2 protein chains.
Amino acid sequence: MEFFEAVKKRYSYRGKYRSSPVARGDLQKILEAGLAAPSGCNTQTTSCIGLDDPELIRSVGTLIKSSAVTVAPAAICVLTQRKPGYADVYFNVQDYAAAIENMLLAITALGYASCWIEGQVTGDPKIPAEIGRLLNIPPEYSVVAYLPVGVAEGEGKRPRYKPFAERAWFNGFGKN
Amino acid sequence: MEFFEAVKKRYSYRGKYRSSPVARGDLQKILEAGLAAPSGCNTQTTSCIGLDDPELIRSVGTLIKSSAVTVAPAAICVLTQRKPGYADVYFNVQDYAAAIENMLLAITALGYASCWIEGQVTGDPKIPAEIGRLLNIPPEYSVVAYLPVGVAEGEGKRPRYKPFAERAWFNGFGKN
């Protein structure tokens, strides 16, 4: 899919998914896109676990209280390592956000839908701890987000965006 | 450009730029791609100022002590508003990182080069304050990053990436 088309088509899908599977090759391409994102001082603080085992997906999914987590045939669990870029300056949040955005666009480009689920994962420390136990994640990694992946059953509701002129300008704040 | 090609081609360019201008329409498309990124609870905390005024670009560029800021014909100044997604939970760092990643990919897809400059902008509070003065940015917005935009004069050095198997797995940590 053309890049700008993928950007336009991507949105946070909170509906049901079809049962048609996500090919392992597609899941790999999505993960590769995530890892290709830049990271502060090239620290590569982001890691990912692709899920396509239905039992695991059900177990992880029941831990996350989000309307966007209906059972999808695949999912991605996003991990971060809190390593400084330099001195005591950390970019790992920016790093995983850029990786997630790459993956959401890749998911869209391959004809799937997803939703960036973060607050419902990290809001209660028990949830990442439980996910960590299920997926054998070492303590130096933190679970920060969850992305279901699958073919959308229907069309979801797109959020309203403010007009361009309220958020972007040229050569000075408020100038169009 | 095809989405996965843009992901593969994008890298942090730290070389010189050709003087050939960036069309205003291209700069607008890049900004639009940035604003199309998701934001936590759709708070749309990211704003951007596109720069194509050579005098302004020179003035802003001299404030930022980065080897990646050689004079480019255009640039983007990225702003954030620290507004909570809900309660006291903030996603504005994730929001602007996703917007920046969209813009870096858009820049690549249109045949330009760029580099995500953040630490050299925010590391010294005098720098965003000075940029804010130059661009009339209100105090409720913070300058968080700067992206030069232009045609690369040559090929830059690409960072080394860890192999896939060291950063991504299937159905459990470390499992391939």
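Two residues are in contact if their C-beta atoms, placed from the backbone, lie within 7 Å. This is a predicted model: local features need pLDDT of at least 70, side-chain atom pairs count only at pLDDT 80 or more, and totals for chains, interfaces and linings use all residues. Residues are numbered from 1 along each chain as its sequence is written, with chains lettered from A and ligands numbered from 1 in the order in which they are written.

**Exercise 1. The contact between the chains**

Task: Determine how many residues chain A and chain B each give to the contact, and which elements of chain A supply them.

Solution.
- Step 1. Count each side. Chain A gives 59 residues and chain B gives 58 residues.
- Step 2. Assign elements. Helices (H or I, at least four residues) and strands (E, at least two) are DSSP runs, numbered from the N terminus. In chain A, α1 (3-9), α2 (24-35), β1 (46-51), β3 (84-86), α4 (92-109) and β6 (168-170) each supply at least two residues of the side that touches chain B.
- Step 3. Find the largest share. α4(A) provides it, with 10 residues.
- Step 4. Sort by type. Ala, Val, Leu, Ile, Met, Phe, Trp, Tyr, Cys and Pro count as nonpolar, Asp, Glu, Lys and Arg as charged, and the others, Gly among them, as polar. The side of chain A that touches chain B holds 36 nonpolar, 14 polar and 9 charged residues.

**Exercise 2. The symmetry**

Task: Find the turn and the shift that lay chain A on chain B.

Solution.
- Step 1. Superpose by least squares on the C-alpha atoms of residues with pLDDT of at least 70 in both copies.
- Step 2. Read the operation. A turn of 180 degrees and a shift of 0.0 Å along the axis give an RMSD of 0.0 Å.
- Step 3. Name it. That is the relation of a two-fold axis.
- Step 4. Compare the surfaces. The same surface serves both copies, as 98% of the contact residues of chain A recur in chain B.

**Exercise 3. Strand β1(A) and its partners**

Task: Work out which strands pair with β1(A), and in which sense.

Solution.
- Step 1. Apply the rule. Two strands pair if DSSP finds at least two bridges between them.
- Step 2. Look within the chain. β1(A) and β2(A) (residues 74-80) are antiparallel, over 6 bridges. Leu51(A) has Ala75(A) as its bridge partner in β2(A).
- Step 3. Look across the chains. β1(A) also pairs with β6 (residues 168-170) of chain B, in the parallel sense over 3 bridges. Gly50(A) stands opposite Phe170(B) there.
- Step 4. Check the reciprocal pair. β6(A) and β1 (residues 46-51) of chain B run parallel, joined by 3 bridges. Here Trp169(A) stands opposite Ile49(B).
- Step 5. Extend the sheet. β2(A) is joined to β5(A) by 7 bridges, and the two run antiparallel. Leu79(A) has Val143(A) as its bridge partner in β5(A).

**Exercise 4. Burial and the core**

Task: Decide whether β1(A) and α4(A) are enclosed or open, then locate the residues of the largest nonpolar core that touch the most other members.

Solution.
- Step 1. Set the cut-offs. A residue is buried if 20 or more other C-beta atoms lie within 10 Å of its own, exposed if 12 or fewer, and partly exposed in between; C-beta atoms are placed from the backbone.
- Step 2. Take β1(A). 6 of its 6 residues are buried, so β1(A) is largely enclosed by the rest of the structure. Thr46(A), Cys48(A) and Gly50(A) point one way, and Ser47(A), Ile49(A) and Leu51(A) the other way.
- Step 3. Take α4(A). 17 of its 18 residues are buried, so α4(A) too is largely enclosed by the rest of the structure.
- Step 4. Define the core: a set of buried Ala, Val, Leu, Ile, Met, Phe, Trp, Tyr and Cys residues joined through C-beta atoms within 7 Å.
- Step 5. Find its most connected members. Among 112 residues, Cys77(A) and Cys77(B) touch the most other members. Leaving out residues up to four places away in sequence, Cys77(A) touches residues including Cys48(A), Ile49(A), Val60(A) and Val143(A).

**Exercise 5. Two positive phi values**

Task: Classify Ala87(A) and Gln44(B) as buried or exposed.

Solution.
- Step 1. Recall the background. Most residues other than glycine have a negative phi, and most peptide bonds are trans.
- Step 2. Take Ala87(A). Its phi is positive, near 45 degrees. Ala87(A) sits in the loop between β3 and β4 (89-90) of chain A. Ala87(A) counts as exposed because it has 8 C-beta neighbours inside 10 Å.
- Step 3. Take Gln44(B). Its phi is positive, near 50 degrees. Gln44(B) lies in the loop between α2 and β1 of chain B. Gln44(B) is buried, with 22 other C-beta atoms within 10 Å.
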